[in-house]
Amino acid sequence: MRIGLIDVDSHNFPNLCLMKLSAYHKAQGHQVMWWNPLFYFDVVYKSRVFTDTYSKDKITVTNAGTVIKGGTGYGPGPDLPDAIEHTYPDYSLYPQYSETAYGFLSRGCPRGCGFCIVGGKEGRRSRKVADLSEFWRGQREIKLMDANLLACPDHESLLLQLADSRALVDFSQGLDIRLITPDNVALLNRVRTKAVHFAWDNPNEDLTGYFQRFVEMTAIKNFRNRRVYVLTNYGSTHEQDLYRVETLRRMGFDPFVMIYEKPTAPPITRCLQQWVNNKRVFHVVENFYDFEPVKKLRNSSMETR
Ligand code: SF4
């Protein structure tokens, strides 16, 4: 069989699903290659991460027996069968990423945030799905894709596996600040981390105490990066957005503004993102309302009144 693969949109990130499909089919003796319109394919897999807001699927496949579409960009669908899901990924598809191991130790999250697909896709309970040895073969870096590792009942033993690897670990989806405890902080301190980041998404939930506790527990620890993602344009007011940004900065965290459905975001939210995420500006201009684009915005809205 000849298998064709299409990575519709994840160009700056290796597509884990396609890497697993490739490994699985190669193990069956099938020929696997990136799809192109010049050959006939028995099966073509199209994988898409982002929805219509951020990317369009403009690829029409007419040279295949079967076309299988999957990924969050196409909406809910079945998971990969276990035999494929637990296959070691084929990094030859993305040789530029072969020094990093990508994978999941756990799946699912109990939080059920309204804007997030994880609960519907992976379930409202975090559970262990793999040991590190399933997808790590001595690479220098590990990029974990787990939605909420600390919510997994087995997270301490999984953190130990990460610590023992001595690889540089990136908790790419962040850690849940509400689930930090003295025990798991002690384990986290043993993991070689590239970055530790959190999120403060819900403006109606005051997480100040949790962040403060984290600062106290890690006061003498060397976390080089304490980034916190702040979700905006999802039911929050500008004042609530600014409050979270300023509170985090005061506590020694590095806020980073995320905009939900950016095309619909009000100009003031875009200004907030520009101010916060451009770190040179953020450190020099202390007060948001002294930021030049904000002054212009206020002047132009006064002129139109
Ligand atoms: S805590 Fe994170 S992973 Fe869990 S539902 Fe909320 S946004 Fe999604």
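Here Ala, Val, Leu, Ile, Met, Phe, Trp, Tyr, Cys and Pro count as nonpolar, Asp, Glu, Lys and Arg as charged, and the others, Gly among them, as polar.

**View A. The second largest cavity of this predicted model.** Let us start with this cavity, which has a volume of about 40 Å³. Lining the second largest cavity are Leu144, Asp146, Leu149 and Phe171, together with Ser172, Gln173, Gly174 and Leu175. By class, this lining has four nonpolar residues, three polar ones and one charged residue. Phe171 also appears in View D, as a member of the largest nonpolar core.

**View B. The largest cavity, between two domains.** Two cavities of 30 Å³ or more turn up in a search of the whole structure, and the largest holds about 80 Å³ of space. Around the largest cavity you will find Lys20, Glu85, His86, Thr87, Pro89 and Tyr102, followed by Gly103, Phe104, Val129, Ala130, Glu134 and Phe135. Six of these lining residues are nonpolar, three are polar and three are charged. Because domain 1 (1–86) and domain 2 (99–191) both contribute residues to the lining, the largest cavity lies between them.

**View C. The shell around the ligand.** Three cysteines, Cys109, Cys113 and Cys116, take part in surrounding the ligand. Arg111, Gly112, Phe115 and Ala147 join them there. Sorted by class, the shell has five nonpolar residues, one polar and one charged.

**View D. Two nonpolar cores.** The largest nonpolar core has 54 residues. Within this core, Ile142, Leu162, Phe171, Phe198, Phe211 and Phe253 touch the most other members. Another core, of 14 residues, lies apart from the largest one and includes Val245, Val257, Ile259 and Phe291. For context, buried residues make up 46% of the 305 residues in the protein chain.

**View E. Pro76 in its loop.** Look for Pro76 in the loop that runs between strand 4 (64–70) and helix 2 (82–85). Is Pro76 buried or exposed? With a relative accessibility of 90%, Pro76 lies over the 50% cut-off and therefore counts as exposed. The C-alpha atoms of Pro76 and Gly120 are separated by 8.1 Å, while the two residues are 44 residues apart along the chain.

**View F. The protein chain, for orientation.** When you step back from the close-ups, the protein chain shows 10 helices and 12 strands. Taken along the principal axes, the C-alpha atoms of the chain fill a box of roughly 65 × 55 × 30 Å.

Technical notes
Residues are numbered from 1 along each chain as its sequence is written. This is a predicted model: local features need pLDDT of at least 70, side-chain atom pairs count only at pLDDT 80 or more; totals for chains, interfaces and linings use all residues. Side-chain values use heavy atoms; hydrogens and water are left out. A nonpolar core is a set of buried Ala, Val, Leu, Ile, Met, Phe, Trp, Tyr and Cys residues joined through side-chain atoms within 4.5 Å. Buried means under 20% relative accessible area, exposed over 50%, partly exposed in between (1.4 Å probe, protein chains only). A residue is near a molecule or strand if one of its heavy atoms lies within 4 Å of it. On a 1 Å grid over the protein atoms alone, a cavity is a set of points where a 1.4 Å probe fits but cannot get out, and a pocket is an open set with protein on both sides within 12 Å along at least five of seven lines; lining residues have an atom within 4 Å of a point. Grid points are joined across faces, edges and corners, and a volume is the space filled by probe spheres set on the points. Domain bounds come from an automatic or database domain assignment. Helices (H or I, at least four residues) and strands (E, at least two) are DSSP runs, numbered from the N terminus.
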